[in-house]
Amino acid sequence: MDRVDLIQAAWARERPDLDVSPLGVIGRLHRLGVLLTEELLTVYRRHGLGEGEFDVLATLRRSGPDHALAPGELAAHTMVTSGAVSKRLDRLERDGLVSRTRDDGDGRGRVVRLTEAGRRVIDAAFAEHLANEERLLTELDPGDRELLAELLGRWLSRVEPVTD
């Protein structure tokens, strides 16, 4: 029995005319998302990062050997507005973790590049992040983890198809 079971039972009692079964999936995913986010933020904070800063650094780190992207590409890969990316970049640049320079191929454009300090921070944070995720999944046996990853992947690909 979990909180969602209690919520479903209460709604079924109050509104027996409605099928409350979607709460079994969506409610649990939402609750897990809230709980997991807090666990993930704990690691990011230890490295002086918020969720957005971690996302930007991780995106740059995995972008290829130059670890550089245009601000618009960062916005697309992190799924936030260019204004939100700009605020994150201001903080990361102030902390010496990224640099913004002119694009050699397009003098009007800018390029955001991971600095050596930024690479050290994201490498350490990402290693701890993966260990934390592993810890969070210890309650699931390997078969359940694989099945859950496959089911969620199938669902996500229907809701949010990959475009690039």
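In this predicted model, the largest pocket is lined by 27 residues. Leu-29, Leu-36, Glu-133, Leu-137 and Leu-152 are the lining residues nearest the centre of this pocket. Its volume is about 1200 Å³. Three helices, α2 (22–46), α6 (116–136) and α7 (142–159), each contribute at least two residues to the lining. Helix α2 provides the largest share, with 10 residues. By residue class, the lining of the largest pocket consists of 15 nonpolar, 5 polar and 7 charged residues.

The confidence of the prediction was examined for the protein chain. The mean pLDDT of the chain is 93, and 96% of the residues reach a value of 70 or more. Confidence is highest in α6, where the mean is 98. Helix α6 is also one of the helices that supply at least two residues of the pocket lining. The lowest confidence in the chain is found in strand β3 (residues 106–114), with a mean of 81.

Helix α1 covers residues 3–14 and so contains 12 residues. At 1.5 Å a residue, a helix of this length should span 16 Å. The C-alpha atoms at the two ends of α1 are 17 Å apart, which agrees with the expected span. The N-terminal end of α1 is capped by Asp-2. In this cap, a side-chain oxygen of Asp-2 lies 2.9 Å from the backbone nitrogen of Val-4.

Two further residues were considered individually, Thr-59 and Leu-32. Thr-59 is located in helix α3 (residues 51–61). Its relative accessibility is 3%, and because buried means under 20%, Thr-59 counts as buried. A polar atom of the Thr-59 side chain lies 2.7 Å from the backbone oxygen of Asp-55. The side chain of Thr-59 also makes a polar contact with the side chain of Arg-62, at 3.4 Å. The contacts of the Thr-59 side chain thus include one with a backbone atom and one with another side chain.

Leu-32 belongs to helix α2, the helix with the largest share of the pocket lining. The relative accessible area of Leu-32 is 47%. This value lies between the limits of 20% for buried and 50% for exposed, so Leu-32 is classed as partly exposed. Leu-32 and Leu-60 are 28 residues apart along the chain, and their C-alpha atoms are separated by 28 Å.

Definitions and conventions
Residues numbered from 1 in each chain as written. Predicted model: local features only at pLDDT ≥ 70, side-chain atom pairs only at ≥ 80, totals over all residues. Heavy atoms only, no water. Helix = DSSP H or I, 4+ residues; strand = E, 2+ residues; numbered from the N terminus. Expected span 1.5 Å × (residues − 1). Polar contact = N/O pair within 3.5 Å; in protein donor to acceptor, adjacent residues only side chain to side chain. 1 Å grid on protein atoms, 1.4 Å probe; cavity = no way out; pocket = protein on both sides within 12 Å on 5 of 7 lines; lining within 4 Å. Points joined across faces, edges and corners; volume = space filled by probe spheres on them. Nonpolar A, V, L, I, M, F, W, Y, C, P; charged D, E, K, R; others polar. pLDDT = per-residue confidence, 0-100. Buried < 20%, exposed > 50% of the residue type's maximum accessible area, 1.4 Å probe, protein only.
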